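Welcome! Here is a short briefing to help you find your way around a structure you have not met before. Take a look at the sequence and the model, and then read on.

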Amino acid sequence: MTARALAVLGTGSDVGKSLITAGICRVLHRAGLRVAPFKAQNMSLNSFVTPEGGEIGRAQALQAEACRIVPHVDMNPILLKPESDNRSQVIVQGSVWSTQEASTYYEQRPQLWSIVQDSYSRLASRYEVVMIEGAGSAAEVDLLESDERAMVCGVVINKFRGDAKLFADGVTFLESHGGIPVLGVVPFLRDLMLDQEDSLDREACRQTEFSSERINIAVILLPHMSNFTDFNALAAEGDVALQYVAAPTALDGADIVIIPGSKTTQADLSFVLEQGYPPALVPHVGRHRELVGICGGYQMLGRSISDPYMVEQGGLSSGLGYLDIETELRKKKCTTQVEANAAEALVQERSLVRGYQVHMGYTVRMQEHPCFSMQNGGTPMGGGHSLTATTHTDDGAIRDDGLVWGTYIHGVFDEPQFRRAWLNRARARKGLPPLEIHTSLSVTARLRGELDRWT
């Protein structure tokens, strides 16, 4: 069996190809078809780890969810994770293949093309429809060739703001001049809470004003910030005011400061130091307010980050010194899904978190206790170290007072029980009464229903 294929291409980047593809995936699934997503090459710092431990773009994981199938590396055989303007880590079939300059990468295209074809062929043999998402624009350099134009079945106008009825003349103009039907005009939904792909869409993310009646959370906006979807569930909570901050002065009024994940931890640590964040963090922590690090942010909270194998820039970087840990960057990447129980120092009631780890660092705790005890300490893909201790049973580190902690778990705030218990702890520090669990359960239910609302 060979699947039929439908490709969603764009007139530029950030026009909504990923979400249009996800919506069509769910439409076809509802129609009773076996459908799978496919993006040959993706460039994104927002990644996901599949059950077998392969790394793919987060957008393809969302599209697989839309198809109600398990994400697989064949859905995104090549993932480029930028480390600078012209250098990227190249992930092939879920594993690190190399780190290359753009010119060197394009020399490898014949070899990579055969890998892409193999991935597509496997999907096409198992499903009735393959939904292909293009990368960037189909015509950024030139207009489409005649044979390519013949394959275009229609145009979708996406992210339309205003009354679509007023655009009727525009539709007529496009169809008469282009000779291609306009299949639909899709409205711009400002409150759509679905995972984005390429970069932080600050308009889509809530930038709620800090308030004495909310838990004010400041996420430091790093130049190479990765996996910003870690905070989508927090931003959706009604008692949370979440802001992505670009300057130390914006930390004023924050109850919790989070340093997020980073693709280039040493470079982003230098950015944090150069921008003057440490002097702003001292009074924040001194006022018994919370400081959290996720993945690369967790590494920054420690004593030091060493890079003996030149994974990033080499040498030894002094950390912020808030946690008694040391990190060494290693060549093998950890990519694994995890389930873990939160330590009592973090939340008093027993709470489960689910997420995934994707990092190059191996972190050793000195005097600190772990944040989470793992339920599934399996061997990560590629033979890397999945956890921060030598036994694959613990993750992260937390200070004795519970106000400074870090973890390698992406998605740590996604489970409603842990999220609400953690937020209620912050509410208690602020003199606010706790909220019932149903408030966070309803947020999770709404987020899980966003695909259907979009569809």
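The notes below go through pockets, cavities, one helix, the cysteines and a few single residues. Please keep in mind that this is a predicted model.

**The second largest pocket**

- A good place to begin is the second largest pocket, whose volume is about 960 Å³. It is lined by 32 residues, and those closest to its centre are F48, R58, E65, D195 and D414.
- Several elements each give at least two residues to this lining: β4 (47-49), α2 (58-67), α7 (232-236), β20 (325-342), β21 (352-365) and α12 (437-448).
- Which element supplies the largest share of the lining of the second largest pocket? That is α2, with five residues.
- Sorted by class, this lining holds 16 nonpolar, seven polar and nine charged residues.

**R58, a residue of that pocket**

- R58 is among the residues closest to the centre of the second largest pocket, and its place is in helix α2.
- Is R58 buried or exposed? R58 has a relative accessible area of 11%, so it counts as buried.
- Once neighbours within four places in sequence are set aside, R58 is in contact with N46, S47, F48, D195, T229 and Y356. Of these partners, F48 and D195 are also among the residues closest to the pocket centre.

**Cavities**

- Rolling a probe the size of a water molecule over the atoms shows where empty space is left.
- How many cavities of 30 Å³ or more are there? The count comes to two.
- The largest cavity contains about 180 Å³ of space. Its lining is made of 19 residues, and S262, K263, V358, H359 and M360 are the closest to its centre.
- α10 (296-300), β20 and β21 each provide at least two residues of the lining of the largest cavity. The largest share, four residues, belongs to β21.
- By class, the lining of the largest cavity consists of five nonpolar, 10 polar and four charged residues.
- β20 and β21 each supply at least two residues to the lining of the second largest pocket and at least two to that of the largest cavity.

**Helix α9 and what follows it**

- Helix α9 covers residues 277-286, and Y277, L281, H284 and V285 are buried there. Seen down the helix axis, these buried residues fall within an arc of 90°, so they line one face of α9.
- On the other side of α9, you will find P279, V282 and G286 exposed.
- What do the buried residues of α9 pack against? Their partners are β12 (215-220), β14 (240-245), β15 (256-259), α8 (265-274), β17 (290-294) and β25 (404-407).
- Just after α9 comes H288, with a positive phi of about 60°. H288 sits in the loop between α9 and β17, and its relative accessibility of 55% makes it exposed.

**Cysteines**

- How many disulfides does a search of the whole structure find? The search finds zero.
- C153 is in no disulfide, as the nearest cysteine sulfur, in C25, is 15 Å away. C153 is exposed, with a relative accessible area of 51%.
- Why does C334 not bond to C295? The sulfur of C295 is the closest cysteine sulfur to that of C334, but the two are 8.5 Å apart, too far for a bond, because a disulfide needs the sulfur atoms to be within 2.5 Å.
- C334 is buried, with a relative accessible area of 0%.

**Other residues to look up**

- Q93 is another residue other than glycine with a positive phi, near 50°. Q93 is found in the loop between β7 (87-92) and β8 (95-101), and at 23% relative accessibility it counts as partly exposed.
- E133 belongs to strand β9 (residues 129-133) and is buried, at 3% relative accessibility. Along the chain, E133 and V27 are 106 residues apart, and their C-alpha atoms are separated by 16 Å.
- D252 lies in the loop between β14 and β15 and is exposed, with a relative accessible area of 55%. From D252 to H410 there are 158 residues in sequence and 26 Å in space, C-alpha to C-alpha.

Key: Residues are numbered from 1 along each chain as its sequence is written. This is a predicted model: local features need pLDDT of at least 70, side-chain atom pairs count only at pLDDT 80 or more; totals for chains, interfaces and linings use all residues. Side-chain values use heavy atoms; hydrogens and water are left out. On a 1 Å grid over the protein atoms alone, a cavity is a set of points where a 1.4 Å probe fits but cannot get out, and a pocket is an open set with protein on both sides within 12 Å along at least five of seven lines; lining residues have an atom within 4 Å of a point. Grid points are joined across faces, edges and corners, and a volume is the space filled by probe spheres set on the points. Ala, Val, Leu, Ile, Met, Phe, Trp, Tyr, Cys and Pro count as nonpolar, Asp, Glu, Lys and Arg as charged, and the others, Gly among them, as polar. Buried means under 20% relative accessible area, exposed over 50%, partly exposed in between (1.4 Å probe, protein chains only). The arc is that of the directions from the helix axis to the C-beta atoms. Contact means heavy atoms within 4.5 Å.
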